[in-house]
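These are notes for a first reading of the model. Please keep the structure open and follow the points in turn.

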Amino acid sequence: MISNYKITGGNAERLGAVPVQGGVNFAVFSAHAERIEICLFSPDGKTETQRLSLPNRLGDIWHGFIPGLLEGALYGLRAHGPYTPQSGHRFNPAKLLIDPYARRLAGKLIHDDAILGYDADAAQADLSLDQRDSAAFVPKCVVTADPARLPLMARHQRDQIVIYEAHPKGLTAAMPEIDEALRGRFAGLATDAVIGHLQSLGITTLELLPVQAHADESFLQRKGLSNYWGYNTLAFFAPEMDYTAEGDPAEFRDMVRRLHDAGIEVILDVVYNHTAEGNELGPTLSFRGLDNASYYQLRADDPRYYVNDTGTGNTVNCAHPMVIRLILDSLRYWVEIMGVDGFRFDLAPVLGREANGFARDGRFLSALRQDPVLANIRLIAEPWDVGPGGYQLGAFPPPFLEWNDKFRDTARSFWRGDGGIAQLAERLTGSAPIFDHSGRAPQASVNFITAHDGFTLADLTSYNDKHNLPNQEGNRDGHNDNHSDNLGHEGPTDDPAINEARALRRRNLLATLFLSQGTPMLLAGDEIANTQDGNNNAYCQDNPTGWIGWANRDRALEDFTARLIALRRAHPVLRQRHFLHSSVIPDGGRDLVWHLPDGAEPTPGDWQNPALRTLGLELRMAADLPERDGYAEDAAFVVINGGQTGADMVLPALPGREWNRVLDTADPLTQDRTEPGPSVRVAADSITLFVPRESAHDRHDRQDQPD
């Protein structure tokens, strides 16, 4: 089957394959190529039917127009140029390449030596040239027109956000309420079962692990495993085919529309820091074959090799103008066409790396912050990579939020018994020493106890050690320092005392999360005590280990989690938009006061006392703050008791009102109990929340007043 299309000049205005009246315009960036070919394929993708060289070049953009070509046509690219790895160039026209701007892919990547640009058996392998055609093993791009833009939803106020981090397949793969044909797909996320669960919890924002098309590494395939998490991107615009019926982007858009109708935002975890091509011994799939020296950071002393600030073998060159354009175009596509509300950037310091390391005002970050489409969406950084100076917590510019691993580690350590209360106090109040600069708000700190990368909450309280043997890496993978605690037995047990201690620890950790200033993030499944059987690196477990186990859901913990989120929503004093520094507010009180059990404020010596395990946190809010939003309540008192015995705590003065105990992790059924004071008893290993209510005396006097 041979096609007989012609090609004319076209234009360089939009990169990628763009259906227009009468045909398709192609535009491809490559600064160092000598020729770029469009390769057309039969509808089944098995036969290459024609090659057409892009006839024109404007700057570094090669372009052409193919009259009569229709939407749905399958294509790939081939790039001619020097194969001189010592100079950073790895052109090989025998290798079919994925268009970086492809909206949709057809077929899966098949690992075969033909996708390597070199002869794997040669002495210095990557310096050799392999001339086998790779087309049979590489996904084909699909000419796809962009549909109409999705309307933006009215996003939640920044202090009201509650993030739910979930795998796009794992959330529904074992959910019995969903039709089996929809499980594990975007369509499954749009079902009433999922939306109802998110709404019952009080979730405002669904954060999905990578949904962009990705590839499994060959070493995983040889083991019968896969890159389940998806942090190995093939195409920045195309949705992962496994999460759709046939790779159709419309299924993703429909999911977003349904979630938006339910008032739920959608954030995507995106991987722009590296690609699936790996190091110099990896396959030639896209960037490497199109313009290796432009798309990737190469070692200055030997450009044969890649900078590896990501730990994956390559690092995308986010300081190159055309790479910046590619990433910004991709982000705008997911916002404007696919409808998403924001992004969490994996290994985000890579995005700000310049010649001298990370720069918060680097070229990509500056371009992103001024973009009229992207500057006002949710932007979240994972503020570390593995390169020099890669730990950048607190260093990202507004409006970025940042994953706060110090919150995670401090909360875990405190409740395990080996962490200090002074460090916990910082985390409870938004980690101000880290984030209180450059006009940032407490919401800049994304607080979490667990995330996809590590133990689940249930496993955090059930295992001292990781149990990753199913990953087939000899239990060497995954973090070793987890600040976890099995509370007396490794793994599942029938011991009721241990199980109750574990349940209490989970409630304490969740209460720490939702009663802290900042932006809380809940790992999907933690609310039902989901387990991964002690695996703290389930990146390759596309099976019940990595899926949420809905059949064994802990209904009591689920209800408790929903109550915590409801309390946070109902009491703005728990989610203030400015940092608290014990400042005087208009009523004469202070916005933050710490209390020892006897009511006194801690001295510097008290803060340094490792034996101090009980502390009260009094929060106040001025009446004229916008986040009050009509709420009359303006105070809260949080008592943390990490001690092994109960304690008496003197309540702060509250003229004309009484403190009401609305939460007690030691007694999860407690919801509304007036405490006349002057002191209260709090249980060992517990968090207790008190909020004001009008005193019985004043309530009686007011009721006696005439209308």
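1. Start with Trp-403, whose bridge partner in strand E20 is Val-446. The two strands concerned are E19 (residues 401-403) and E20, and they pair in the parallel sense over two bridges. Keep in mind that this is a predicted model.

2. On its other pairing, E20 is joined to strand E21 (residues 519-523) by three bridges, and these strands run parallel. Here Phe-448 stands opposite Met-521 in E21.

3. Which way do the side chains of E20 (residues 445-448) point? Ser-445 and Asn-447 point one way, while Val-446 and Phe-448 point the other way. Residues on both sides of the strand are buried.

4. These strands belong to a barrel. Eight strands close into it in the order E12-E13-E14-E15-E18-E19-E20-E21, with parallel pairing. Neighbouring strands are turned by 25° against each other on average, direction ignored. Another pair in the barrel is strand E13 (residues 205-208) with strand E14 (residues 265-270), joined by four bridges and running parallel. In this pair, Glu-207 stands opposite Ile-267 in E14.

5. The model also has an open sheet, in which four strands are arranged in the order E1-E2-E6-E5 with antiparallel pairing. Why is one side of E1 and of E5 left without a neighbour in the sheet? Strand E1 (16-20) and strand E5 (56-58) stand at the edges and have a single partner strand each, so one side of each stays free of a neighbour in the sheet. The average turn between neighbouring strands here is 25°, direction ignored. As a general point, strands of a sheet pair through backbone hydrogen bonds, either parallel or antiparallel.

6. Within that open sheet, E1 is joined to strand E2 (residues 23-29) by five bridges, and the two run antiparallel. Val-20 has Gly-23 in E2 as its bridge partner.

7. Next, helix H8 (residues 405-416). Its twelve residues reach 17 Å from the first C-alpha to the last, close to the 16 Å expected at 1.5 Å a residue. At the start of H8, a side-chain oxygen of Asn-404 comes to within 3.1 Å of the backbone nitrogen of Lys-406. After the helix comes Gly-417, with a positive phi near 105°.

8. Is H8 mostly covered or mostly uncovered? It is mostly covered, as nine of its twelve residues are buried. Among them are Phe-407, Arg-408, Phe-414 and Trp-415.

9. H8 packs against helix H9 (residues 421-428) at an angle of about 135°, with the axes 9 Å apart. The two helices are therefore oblique to each other, and their crossing is left-handed.

10. H8 also packs against helix H12 (residues 496-514), at an angle of about 140° and with the axes 10 Å apart. H8 and H12 are therefore oblique to each other as well, but H8 passes H12 in a right-handed crossing.

11. Last, a residue in a loop. Asn-92 lies in the loop between strand E9 (89-90) and strand E10 (105-106). Why does Asn-92 count as buried? Its relative accessibility is 3%, and buried means under 20%. The C-alpha atoms of Asn-92 and Asp-130 are separated by 8.1 Å, although the two residues are 38 residues apart along the chain.

Notes
Residues are numbered from 1 along each chain as its sequence is written. This is a predicted model: local features need pLDDT of at least 70, side-chain atom pairs count only at pLDDT 80 or more; totals for chains, interfaces and linings use all residues. Side-chain values use heavy atoms; hydrogens and water are left out. Two strands pair if DSSP finds at least two bridges between them. Axes are lines fitted to C-alpha atoms, for helices over the stretch in contact, and angles run from 0 to 180 degrees between N-to-C directions. The expected span of a helix is 1.5 Å times one less than its number of residues. Buried means under 20% relative accessible area, exposed over 50%, partly exposed in between (1.4 Å probe, protein chains only). A polar contact is a pair of N or O atoms within 3.5 Å; within protein, one must be able to donate a hydrogen and the other to accept it, and residues adjacent in sequence count only if both atoms are side-chain atoms. Angles under 35 degrees count as roughly parallel, over 145 as roughly antiparallel, 65 to 115 as roughly perpendicular and the rest as oblique. A crossing is left-handed if the near helix is turned anticlockwise from the far one by less than a right angle, and right-handed if clockwise.
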